[in-house]
Amino acid sequence: MPDNTAATRSVVIERVMPHPPEKIWRALTQGALIEAWLMKNDFQPVVGHRFNFRAAPMPQWNGVTDCEVLVVEPHKRLSYSWNASGEEAAGGLKTVVTWTLTPTTGGTHVRMEQSGFRHEDEPFYQGAGYGWQRMVAGLERVAAGLG
């Protein structure tokens, strides 16, 4: 099997949010808050925890994303796999989402990277580029609402 790792691409979104890392971390790691800006889920910030994101099915997607927590560094870094599910799992999308929080003057630099898009994942790559812009804006809205 050829090694296609060099041929993968990433979607990267970076934004400075006027909130401390702790507040953004809560919005990234608490299930009800994640649902408010991303999707229904059974997430827990525990390395090795397998969970799903669930949304309404659409063409080319059954609405379920299979995930596993890979890295948990409180208030700094969170990473999880983001993979196709069900019948699509075998040859489908296999990516990794990594959130990096870096304190800045008056806020936090938030970096989201979804890596591992292959050539055949082009429609998902395009969709992710658009979708993550919206979701990161939602993350900021949810973090802003936290006391």
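Begin by selecting Pro21, Lys23, Ile24, Trp25, Ala27, Leu28 and Thr29, which are the buried residues of helix H1 in this predicted model. Extend the selection to the whole helix, residues 21–29, and you have an element in which seven of the nine residues are buried, so that helix H1 is largely enclosed by the rest of the structure.

Next, select the whole chain and colour it by secondary structure. The chain contains three helices and seven strands, and, when the elements are read along the sequence, they follow the pattern β-α-α-β-β-β-β-β-β-α.

With the whole chain still selected, turn to its overall dimensions. The C-alpha atoms fill a box of roughly 45 × 30 × 30 Å when the box is taken along the principal axes. For 147 residues, a compact globule would be expected to have a radius of gyration near 15 Å, and the value for this chain, 15 Å, agrees with that expectation. Of the contacts between residues at least 6 apart in sequence, 51% join residues that are at least 24 apart.

A surface representation is a useful next view. The chain exposes about 7,900 Å², of which carbon and sulfur atoms supply 55%, while buried residues account for 42% of the 147 residues in the chain. If you then display the charged side chains, you will find 14 positive and 15 negative ones, with the centres of the two sets lying 6 Å apart.

Now move to strand E5 and select Ser79, which lies in that strand. Is Ser79 buried or exposed? Its relative accessible area is 5%, and Ser79 counts as buried because this value falls under the 20% cut-off. To see what surrounds this residue, add Glu68, Val69, Leu70, Val71, Val96, Val97 and Thr98 to the selection, since Ser79 touches each of these residues when those up to four places away in sequence are not counted.

From Ser79, go to the loop between strand E4 (64–73) and strand E5 (77–83), and select His75, which lies in this loop. Unlike the buried Ser79, His75 counts as partly exposed, with a relative accessibility of 32%. The backbone deserves a look here as well, and the torsion to display is phi, which for His75 is near 65°, a positive value in a residue other than glycine. Most residues other than glycine have a negative phi.

Definitions and conventions
Residues are numbered from 1 along each chain as its sequence is written. This is a predicted model: local features need pLDDT of at least 70, side-chain atom pairs count only at pLDDT 80 or more; totals for chains, interfaces and linings use all residues. Side-chain values use heavy atoms; hydrogens and water are left out. Helices (H or I, at least four residues) and strands (E, at least two) are DSSP runs, numbered from the N terminus. Buried means under 20% relative accessible area, exposed over 50%, partly exposed in between (1.4 Å probe, protein chains only). The radius of gyration is taken over C-alpha atoms; the globule rule is 2.2 Å times the number of residues to the power 0.38. Contact means heavy atoms within 4.5 Å. Accessible areas come from the Shrake-Rupley method with a 1.4 Å probe; for residues, only the protein chains shown count as cover. Lys and Arg count as positive and Asp and Glu as negative; His and the chain ends are not counted. The place of a charge is taken as NZ of Lys, CZ of Arg, CG of Asp or CD of Glu.
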